Every structure is written in structure tokens, then in C-alpha cells.
Amino acid sequence: MSAASTSTDFRAIRSSDPGYDVAVATFNTAHRPRPDLVVEARSPDDVVAAVRRARTEGLPVTVQATGHGIASDLAGSLLISTRHLDDVHVDPDRAVAVVGGGATWAQVIAAATPHGLAPVCGSSSGVGVAGFLLGGGHGPLSREFGVGSDHLRRARVVTGTGELVDTDDDPDLLAALRGGKAGLGVVVELEVALHPVARLYGGGVFLPGEAAPEVLPAWRDWVTTLPEHASSSIALLRLPPDPALPPPLQGRFVVHLRFTTTGPAEEGEALLAPLRAPEVEPIADLVGEMPFAAIDSVHADPTDPMPVWDASTLLGGLPDAALDALLAVAGPGVETPLIMAELRAFGGAITRRPDLDSVAGRDAPFGLYALGPMVPELGGVVPVVVQGVVDALKPWSAGVLPNFLGAAQAGVIGRAWDDATLTRLLATAGRVDPDGLFRRVGTRLSA
């Protein structure tokens with residue numbers, strides 16, 4: 001159903017009603033949302049009605065599309081699920097996609113790639129478009145084209161007063177949505193610019209985990225030499241003994257080097273050659289020519305819901321002491337329940353700020369992200385271990401990214417922005433949501 005259509009079957013579901021558990025299901029199953037009411041919106045009219053009902057009943061409003069960014073149980077709220085607002089229309093002549101507020105990047109990619117176009121999306125196409133863009137949005141194309149929110153052209157939003165507005169009439173709201181993340185309303189439709197990218201040279205190289213002390217500093221030195229059309233990240237992965245994995249990777253501790261470039265394959269091979277040094281024999285080298293539609297294979301992120309606890313920080317640099325600190329808590333020989341400790345290289349076009357935006361952390365050259373399995377037997381340990389990875393690199397911390405906060409840092413979202421940007425965001429949020437309807441539960445915008 002189109003995000004622009006209307007419906008007459010608005011219904012608020014309670015926890016005792018059939019369909020409640022499906023309506024509130026999340027990708028991160030460590031959290032079990034239990035809002036007082038949930039509305040599965042099938043049109044902007046449904047969203048308007050839900051917000052107005054929440055105002056009448058004095059309930060704060062939370063919003064969920066895919067459930068990747070869930071950070072609390074949402075108790076005491078009215079949850080608006082936008083997952084049915086998922087239509088995608090690509091205009092190849094204008095190189096834009098008009099996207100429903102509940103659509104995923106996979107849907108945009110499927111509609112765009114037949115036209116030789118691609119969005120600035122993240123490493124996993126299962127993530128929702130709206131949540132990704134509202135948090136800035138870093139991905140494999142960001143060093144060349146900028147973060148995802150730089151390409152948000154227009155949005156339709158239901159505000160905290162229950163009004164449906166278009167950002168064509170409110171440029172300050174558009175600037176806030178480009179990276180401001182929370183407290184700004186329910187996005188029911190977006191217009192996103194696309195780029196003439198049909199293929200990549202890229203993929204992942206899996207190296208023995210024991211080589212991490214040699215590979216990490218080599219990667220750090222190498223990644224700063226890459227042109228803007230190339231991107232890379234690296235992760236220390238503790239893989240499960242999952243039969244779905246290739247046999248050489250099952251149950252192993254590995255270093256996962258990720259690389260993409262929009263340049264020719266020959267240039268990509270030359271760029272990657274220093275990290276394909278013969279001193280470290282790869283377990284698997286999966287880098288090669290690929291259609292953009294295969295972008296998920298680069299990071300190979302999980303596609304099934306799972307319980308995790310995650311945390312992150314931006315880094316102002318990666319001196320040897322920082323790498324040593326990371327290896328001390330997540331490297332070879334360390335007994336830990338961590339699944340992953342990941343470093344991403346930023347820079348390039350990410351650092352170039354457009355006229356209207358609220359993106360945090362543009363100048364940070366690196367980001368650290370850690371996560372562990374939030375299963376019952378490890379529930380008391382994993383949050384401490386995950387936060388311990390971030391704390392180990394605290395001397396080099398340079399802020400946070402709203403999209404990578406995780407449950408461990410949900411209360412510190414206001415620290416993402418400088419004082420001037422935060423003041424502007426709070427002013428816009430106060431104007432479009434004067435009663436704080438969207439700012440009382442979970443991750444919220446606050447000083």
C-alpha cells in the first residue's frame with residue numbers, strides 16, 4: 001500500500017489482542033517491546049490518528065520499522081509500526097527514490113539497480129531507510145558521496161501535534177531530519193537521491209585471528225592512503241560453529257577485512273594488494289567484481305533476528321597504543337563472549353558538510369563498534385564486556401554516532417552533537433513536538 005494512500009481500518013492493538021507479538025517484533029531480540037498500545041499504520045492517516053489518540057490519552061509515542069535500533073521495552077507508550085508503509089518508486093530520470101517510511105534499503109536497491117542506480121545505504125540492506133537516514137547513515141559509498149542523510153531531499157512527517165507536514169514547507173525540519181535522529185515526528189515518506197553506481201569491486205578477506213597484531217596496524221596505515229572512491233573496515237570476529245558457515249570459518253577467531261571501490265577492478269586489485277601480502281595466508285578471499293545488489297556480501301552481517309548488546313564510539317585516531325588497547329580486550333588469546341569488535345574508516349566526502357544538516361561526528365577518522373550475544377546465560381556478563389571494549393579506547397574517543405549507540409549508550413544521544421547543533425535540534429523538536437510526545441521513551445534527544 002502506498003505511503004500516500006488512505007485507510008479506514010485504524011486499530012490500536014493491546015498486549016492481549018491477536019497479532020500483538022508480531023506487531024512489536026524486533027530485529028534485536030534482546031529487547032521485548034511491551035508498549036501499552038501498538039498501531040500498525042497502513043497510511044499517513046493512520047499515523048495522524050495514532051498520534052492524536054496518544055495526545056488524548058497522555059501516552060508518549062515510539063516508532064518502529066524494522067526494530068534494528070530498539071533500546072528499551074517501550075513500556076507505557078503507544079508504538080507506531082511503520083513497516084507496512086513500504087512502497088518504493090524510483091524515478092530514473094531524476095535519479096531519486098520516493099520511499100515509504102517503513103521501507104528497507106533492500107527494497108530500494110531492488111528498485112534502483114535495474115536502472116544502474118544505487119543509494120548511499122549501510123552495510124546491511126535489511127535496515128530501515130528512515131532510521132538510517134535520520135541518524136546520518138554511514139556506509140560503503142559514504143567516503144565518495146557523503147553520508148546517507150546528505151541525500152535526503154524531502155520528507156513527509158507527522159509531528160507531535162498530529163499534523164502531516166512536508167519539509168518543502170519547513171527547511172529547518174529537513175535540516176534536523178538530516179542526522180537529528182529522534183524526537184522529530186513520524187516519517188511516513190522520504191525522497192532520496194540515487195547515484196550512478198551499478199557495480200563494485202569488493203568483498204571480504206578472512207585472515208587468521210592470530211595475525212591481528214600484525215594486520216591491524218597494517219590496515220590502519222593502509223586505509224589512510226585510499227582514494228575517496230574506496231572504503232574499508234576491519235573486524236575481529238569470533239564465529240560460532242554454525243554449519244551454515246564455510247567449514248574453514250566455523251568456530252574460528254578471524255580478522256575480517258572488508259573493502260569496496262567503485263573504480264575499475266584492476267585499480268581495486270592494486271589498491272588492495274598491500275593487504276594481500278603473502279606473509280599472512282588468508283582463510284578465504286572473497287573480493288572481486290560484483291553487482292551493487294550484492295552489497296550485503298561485503299560485511300556479511302547476520303540476516304536473522306538475534307539478541308545482542310552493542311556499544312560504540314568515534315575515534316580521533318588509531319595510534320599503536322589504541323590498537324594495543326583493543327587487542328588487550330578483544331585480540332587473540334583473550335577469553336571473551338564478544339562476537340565482534342569492528343573498526344570502520346571514515347573521512348573523504350563524509351567530512352564535507354552541506355548547507356542544511358545535523359550529522360554528528362563528521363571529522364572523526366575512525367569508528368569502533370562492539371557487540372556480544374545477549375543470551376540468558378551471558379546476560380550479566382556481555383554488557384560489561386561490550387562496554388569494556390569501548391572504555392578501553394576511551395582516551396581516543398571523539399564522540400558518538402546516533403545510529404551506532406546501541407542499548408548500552410541509549411541515554412547519551414545528546415552528546416553526539418556540538419552545542420550549536422544540539423541547541424538548533426532542540427529548538428526544532430520543541431516546535432514540531434511542543435509537548436514532548438516523541439521524547440519520553442527509549443533513545444531520545446536531550447541536552
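**View 1. Strand 6 between its two partner strands, with Ala97 opposite Val192 in strand 9.** Helices (H or I, at least four residues) and strands (E, at least two) are DSSP runs, numbered from the N terminus, and two strands pair if DSSP finds at least two bridges between them. Strand 6 and strand 9 pair in the antiparallel sense over five bridges, while strand 5 and strand 6 are antiparallel over four bridges, with Val88 standing opposite Val99 in strand 6. In the hairpin of strand 5 and strand 6, four residues lie between the strands, and Ala95 takes a positive phi near 55 degrees. Four of the five residues of strand 6 are buried, so this strand is largely enclosed by the rest of the structure; here buried means under 20% relative accessible area, exposed over 50%, and partly exposed in between, for a 1.4 Å probe and protein chains only. The model is a predicted one, in which local features need pLDDT of at least 70 and side-chain atom pairs count only at pLDDT 80 or more, whereas totals for chains, interfaces and linings use all residues. Residues are numbered from 1 along each chain as its sequence is written, and side-chain values use heavy atoms, with hydrogens and water left out.

**View 2. The buried side of helix 3.** Trp105, Val108, Ile109 and Ala112 are the buried residues of helix 3 (residues 105–112). They cover an arc of only 100 degrees around the axis, which puts them on the same side of helix 3; the arc is that of the directions from the helix axis to the C-beta atoms. Strand 5, strand 6 (96–100), helix 4 (129–134) and strand 9 (186–193) are included in what covers these buried residues, where contact means heavy atoms within 4.5 Å.

**View 3. The buried residues of helix 11.** In helix 11 (residues 382–392), the buried positions are Val382, Pro383, Val386, Val389 and Val390. Because they cover an arc of only 125 degrees around the axis, they are on the same side of helix 11. The buried residues of helix 11 pack against strand 15 (308–315), helix 10 (320–330), strand 16 (340–345) and strand 17 (366–373).

**View 4. An open sheet of four strands, with helix 2 lying across strand 1, strand 2, strand 3 and strand 4.** The order of the strands is 1-2-4-3, with mixed pairing. Strand 1 (12–13) and strand 3 (61–64) stand at the edges, each with a single partner strand, so one side of each is left without a neighbour in the sheet. Strand 1 and strand 2 run antiparallel and are joined by two bridges, with Ala12 opposite Val39 in strand 2. Helix 2 runs at about 175 degrees to strand 4; axes are lines fitted to C-alpha atoms, for helices over the stretch in contact, and angles run from 0 to 180 degrees between N-to-C directions.

**View 5. Salt bridges within helix 2 and between separate parts of the chain.** The structure holds 20 salt bridges, a salt bridge being a side-chain nitrogen of Lys or Arg within 4 Å of a carboxyl oxygen of Asp or Glu. One of them joins the side chains of Arg83 and Glu40 (2.3 Å, N to O). Arg83 lies in the loop between strand 4 (78–81) and strand 5 (88–91) and Glu40 in strand 2, so the pair ties together parts that are 43 residues apart in sequence. Arg83 is partly exposed at 30% relative accessibility, whereas Glu40 is buried, with a relative accessible area of 15%. Within helix 2 (residues 44–57), Glu57 and Arg53 lie four residues apart, about one turn of the helix, and their side chains meet in a salt bridge (2.8 Å, N to O). Glu57 is partly exposed, with a relative accessible area of 39%, and Arg53 is partly exposed at 26%.

**View 6. The salt bridge of Glu342 and Arg258.** The side chains of Glu342 and Arg258 meet at 2.7 Å, N to O. The pair links distant parts of the chain, with Glu342 in strand 16 and Arg258 in strand 12 (residues 253–261), 84 residues apart. Both Glu342 and Arg258 are buried. Elsewhere, salt bridges that share partners join Arg94, Arg154, Asp166, Glu189 and Glu191 into one network.
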